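Reader: I am new to this one and would love a friendly tour. Could you walk me through it?

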Amino acid sequence: MCNMRCIFCSHSQNPSCVRVYRIAPRSAAEVARTLSFMDRAYPVVIGESVTRIIEGEPFTHPGIEDILQLVRDRFTGTTIQITTNGSLLDESMVKMLKTLGKVVINLSLNSATEAGRALLMGDKSALSSIKCPILLQEHKVPFHGSVVAMPHLVGWQDVCKTIKYLSECGAQTIRILLPGYSRLAPAALQFGPSVLPELRLLVTRLRKELSTPLICEPPAIQDLEPRIAGVIDGTPAGRADIRPGDLIVSVNKVRPLTRVQAFNEIYKTASPVLKIKRGDEQKYVRLDKNSRERSGLVMDYDIDPDLIKDINRVIRRRRVSKALVLTSELAGPVINMALKQFYQGAAEIRVVVVRNRFFGGSIKAAGLLTIKDFQIALADFFNEHPGWQPELVLLPGLAFDHQGRDLTDLSYMDLGEKYGTVIDIL
């Protein structure tokens with residue numbers, strides 16, 4: 001369940017035919033059965049919505065303490081990541097989290113002022129919620145802060161104050177997110193195209209003032225160079241004199257092609273040796289860490305080169321000479337850069353950027369594309385290129401569930417029948 005009424009909540013802006021689900025609080029027995037299917041090598045993540053199930057505030061669950069203890073008993077050395085709005089994290093609860101050990105909080109604060117928090121989230125006890133970062137700091141429970149930036153409602157000063165407050169309270173990183181709104185959003189929630197560049201300028205300025213790594217989403221990706229955006233204090237990277245702006249030239253003498261590849265290689269490697277370029281200077285540094293232990297490096301997300309390998313693998317398996325890759329507005333420029341730099345196959349590949357017409361508004365993410373959006377994009381492409389017929393059309397897998405259905409419950413297989421071509425997903 002959720003105990004807030006955030007004005008930027010996406011669920012209030014969904015068209016009626018979107019298939020999402022609410023479920024009642026799960027029992028400890030149900031959770032115990034779920035844990036038997038989970039991999040100890042990965043963190044236990046609670047409160048992040050990555051499925052059609054509508055997530056709420058984890059600490060509204062009547063048995064949350066028993067469930068967290070159950071998770072800790074089953075996964076003794078595994079990190080537990082909890083995303084929360086902080087309203088129910090009183091001193092007793094924070095002490096319990098500290099006792100559990102290896103708990104990391106993702107705190108959706110959004111505003112450090114009572115008026116801002118009440119306006120954005122409908123928080124009736126905003127003052128106690130705002131004290132949450134102080135409690136986490138006092139009891140040494142590590143946390144990351146996040147701010148949904150809505151300067152058109154609360155003003156730039158409120159956004160800036162909130163970021164600085166989270167930094168002062170010891171947040172390890174701070175995510176500053178531009179909210180998305182659909183075509184069904186009230187006019188008051190919609191904002192102009194100037195907000196995102198202004199937000200990026202604010203983040204750039206604050207990065208010079210604050211030591212806390214700041215992450216702006218969506219990021220401005222101009223290239224695929226594995227450049228470091230920030231370093232978390234007290235981590236292997238923080239102890240190795242790595243600084244924001246440094247370029248990773250190699251990891252154990254292997255040159256990473258992208259930020260994602262560099263980050264993943266460092267994460268899975270024990271004591272990796274990095275060649276770093278800072279200005280005209282180059283040097284080697286060793287990160288004293290275990291395999292699958294976080295390095296403390298913060299990097300913008302660009303693309304995993306394995307995606308290009310996957311595209312080539314599907315093309316070769318299908319034995320086609322012409323392929324069409326459909327992608328979101330956010331991912332389109334990055335995929336184009338990656339294909340130009342890394343693709344070495346013989347097939348001709350064209351990229352089509354698909355607009356989120358179904359949701360509309362400012363939505364540009366691949367996970368919110370629908371069959372209707374893909375149909376319009378394909379129809380436009382075939383009208384503009386009547387002499388170019390792809391033998392294969394590749395779609396982003398993020399738009400579909402495990403059954404190949406989008407958020408409106410339509411299957412991607414329907415596209416193949418309509419256009420007489422092979423459809424596959426990545």
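Author: Gladly! One term to start with: a nonpolar core is a set of buried Ala, Val, Leu, Ile, Met, Phe, Trp, Tyr and Cys residues joined through side-chain atoms within 4.5 Å. Please keep in mind that this is a predicted model.

Reader: Which helix gives the largest share of the largest nonpolar core?

Author: That core has 61 residues, and L68, L97, I105, L136 and I163 touch the most other members. Its largest share is six residues, and they come from helix α9, residues 195-209.

Reader: What does I163 touch, leaving out residues up to four places away in sequence?

Author: I163 is one of the core residues that touch the most other members. With residues up to four places away set aside, its partners are V147, I174, I176, L206, L210 and L214.

Reader: Which element gives the most to the lining of the second largest pocket?

Author: This pocket has a volume of about 350 Å³. Among the 18 residues that line it, R207, A220, A229, R259 and D300 are the closest to its centre. The lining has eight nonpolar, three polar and seven charged residues. With four residues, the element that gives the most is α9.

Reader: Is N356 buried or exposed?

Author: N356 sits in the loop between β13 (348-354) and α14 (371-384). Beyond its neighbours within four places in sequence, N356 is in contact with E329, I363, K364, A365, L368, L369 and D373. A polar atom of its side chain lies 3.3 Å from the backbone oxygen of L368. Its relative accessible area is 4%, and buried means under 20%, so N356 is buried.

Note on methods. Residues are numbered from 1 along each chain as its sequence is written. This is a predicted model: local features need pLDDT of at least 70, side-chain atom pairs count only at pLDDT 80 or more; totals for chains, interfaces and linings use all residues. Side-chain values use heavy atoms; hydrogens and water are left out. Buried means under 20% relative accessible area, exposed over 50%, partly exposed in between (1.4 Å probe, protein chains only). Helices (H or I, at least four residues) and strands (E, at least two) are DSSP runs, numbered from the N terminus. Contact means heavy atoms within 4.5 Å. On a 1 Å grid over the protein atoms alone, a cavity is a set of points where a 1.4 Å probe fits but cannot get out, and a pocket is an open set with protein on both sides within 12 Å along at least five of seven lines; lining residues have an atom within 4 Å of a point. Grid points are joined across faces, edges and corners, and a volume is the space filled by probe spheres set on the points. Ala, Val, Leu, Ile, Met, Phe, Trp, Tyr, Cys and Pro count as nonpolar, Asp, Glu, Lys and Arg as charged, and the others, Gly among them, as polar. A polar contact is a pair of N or O atoms within 3.5 Å; within protein, one must be able to donate a hydrogen and the other to accept it, and residues adjacent in sequence count only if both atoms are side-chain atoms.
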